[in-house]
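Here is a short note to read with the structure open beside you. Please follow the points in order.

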Protein chains: 2
Amino acid sequence: MLSKQKIKFLKSLQIKKNRLSEQLFFVEGAKSVKELLASDWPMAGLAATEAFLQECQTFLGLRPKLEVFPATEAQLVQAGTFASNKAGIAWAPIPKRPTELPTAPWLLALDDIRDPGNLGTLLRIADWYGFQQIICSPTTAELYNPKVLHASMGSFTRVTVWYQDLANFLPKLQRPVHGAYLDGDNVHELSFSEQGVLLMGNEANGISPALASLVTQKVHIPQFGGAESLNVAAATAVICDNLRRQLRA
Amino acid sequence: MLSKQKIKFLKSLQIKKNRLSEQLFFVEGAKSVKELLASDWPMAGLAATEAFLQECQTFLGLRPKLEVFPATEAQLVQAGTFASNKAGIAWAPIPKRPTELPTAPWLLALDDIRDPGNLGTLLRIADWYGFQQIICSPTTAELYNPKVLHASMGSFTRVTVWYQDLANFLPKLQRPVHGAYLDGDNVHELSFSEQGVLLMGNEANGISPALASLVTQKVHIPQFGGAESLNVAAATAVICDNLRRQLRA
């Protein structure tokens, strides 16, 4: 069973400082835990209800050395951030940050996305559209924040994320940089090059002035009604969709 | 100044039951309060910092009868739901629900969108794409929930929202119904008719089985990576964008 000590340990991972010192993160709920089990990521432990363990037998068979702790729903709620959890909580080592340059034809770059829910949703959208290499500014929300992982709905297992100073890093990539602006060329009429970077800016302020000179193509989503802007996740989905109409992944 | 009694009254409007009995709702923060002031909606009162009142002088000149209560930031935080509020809180009568049928060429119908943040984001996306008539199932989040209004970023002032049983209401509209499904015809290759309804389903379960027979065109957004689905707001934005490429508002 899940000991009080283990519950205390899992709770401690809700705090960034502890995640960094332990070099561990956790995910909770059926969807995220299953995605982690099904991935080839190393795992450190799993606390789960008997029913969920039954449900995951096939996956668990592939991870014979994984430490498994049967737990009650009440214990999972105590240890995690969910108001209810009929499934489990899994914890895993934080992967090493990539050191090589990204190689995918199209990359997503995120400048100062502060809201963890937005970052998670962006990972999910990027993964849907086959943008699996993502470069975040150091001020973007932390990838292993439980809210990011939850909103990503398992996509965090399929994307590689760099945290880099964008002003220094983007020029190294030697690609055209498409930046989303409220003015710019109509995304419906744009010819996308074979490779590039799609740069999306902060929720309230857009792309930082310091990065504006790196943008080689300003992209604008045409507006047909009264709203002043789209939220960053919707805007990213729309631009990715327009890009993928032209260039298959 | 804002009395203790007024603060208590504003706090009471955070609860749906009280909004219904008072027939009043409130919005908070600079963006929403300004959008409400700039709209032609009736208003019942405004509590705001001196700085914000200065900033809004032009709008306030157009509403000479509006009751205005100077307030401190601390009072605004006490009365509202925000962790900080340098601007104000405005309250207004809940408009009468529309009784006539919607007439816009394209309508958005929302089946059981439970999350208030999602509903607000959907109003903003719909407003951006010129879908200003929206039909919600009775189980969809309540329009005057502070989280809905906040996420809509002022778009609630420009959209008209029906709450109707969709199984009874959609047939009355006598239009093609495009429903978003994980299978269906590729949205990139679709010909949209001049008028119709775009039906989006619940966050976890999609469109209810009871409505499936009303869908005349299943629409699918092509996927290029590993994510199982897009979130409902991103999917709505993408379909609206594809529709507006063909049919201008």
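The points below go from domains, to the chain pair, to one helix.

1. **Status of the model.** This is a predicted model. Keep that in mind throughout.

2. **Two domains in chain A.** The domain assignment splits chain A into domain 1 (4-93) and domain 2 (106-246). Their centres, taken over C-alpha atoms, are 30 Å apart. The two parts do touch: 14 residues of domain 1 of chain A are in contact with eight residues of domain 2 of chain A.

3. **The domain 1 side of that contact.** Which elements of chain A each supply at least two residues here? They are α2 (16-22), β1 (24-28) and α3 (30-38). The largest share, four residues, belongs to α3(A). By class, this side of domain 1 of chain A has five nonpolar, five polar and four charged residues.

4. **How the chains are related.** Two copies of a chain are related by a rotation about an axis and a shift along it. Here, chain B is superposed on chain A by a rotation of 180 degrees, with 0.0 Å of shift along the axis. The RMSD is 0.0 Å. That is the relation of a two-fold axis. Both copies use the same surface, as 100% of the contact residues of chain B recur in chain A.

5. **The contact between chains.** Chain B gives 30 residues to the contact, and chain A gives 30 residues. On the chain B side, α7 (116-128) and α11 are the elements that give two or more residues. The largest share comes from α11(B), with seven residues. This side of chain B divides into 14 nonpolar, nine polar and seven charged residues.

6. **Helix α7 of chain A.** Now look at residues 116-128 of chain A. This helix has 13 residues. From first C-alpha to last it reaches 18 Å, close to the 18 Å expected at 1.5 Å a residue. Just after α7(A) comes G130(A), whose phi is positive, near 75 degrees.

7. **Is that helix mostly covered or mostly open?** Mostly covered: twelve of the 13 residues of α7(A) are buried. Among them are L119(A), L122(A), L123(A), I125(A) and W128(A). R124(A) and D127(A) are buried too.

8. **What covers α7(A).** Within chain A, the buried residues of α7(A) pack against β5 (106-110), β6 (133-136), α8 (146-151) and α11 (232-246). They also pack against α11 (232-246) of chain B. Compare this with point 5: α11(B) gives the largest share of the chain B side that touches chain A.

Definitions and conventions: Residues are numbered from 1 along each chain as its sequence is written. Chains are lettered from A and ligands numbered from 1 in the order in which they are written. This is a predicted model: local features need pLDDT of at least 70, side-chain atom pairs count only at pLDDT 80 or more; totals for chains, interfaces and linings use all residues. The expected span of a helix is 1.5 Å times one less than its number of residues. A residue is buried if 20 or more other C-beta atoms lie within 10 Å of its own, exposed if 12 or fewer, and partly exposed in between; C-beta atoms are placed from the backbone. Two residues are in contact if their C-beta atoms, placed from the backbone, lie within 7 Å. Domain bounds come from an automatic or database domain assignment. Ala, Val, Leu, Ile, Met, Phe, Trp, Tyr, Cys and Pro count as nonpolar, Asp, Glu, Lys and Arg as charged, and the others, Gly among them, as polar. Copies are superposed by least squares on the C-alpha atoms of residues with pLDDT of at least 70 in both.
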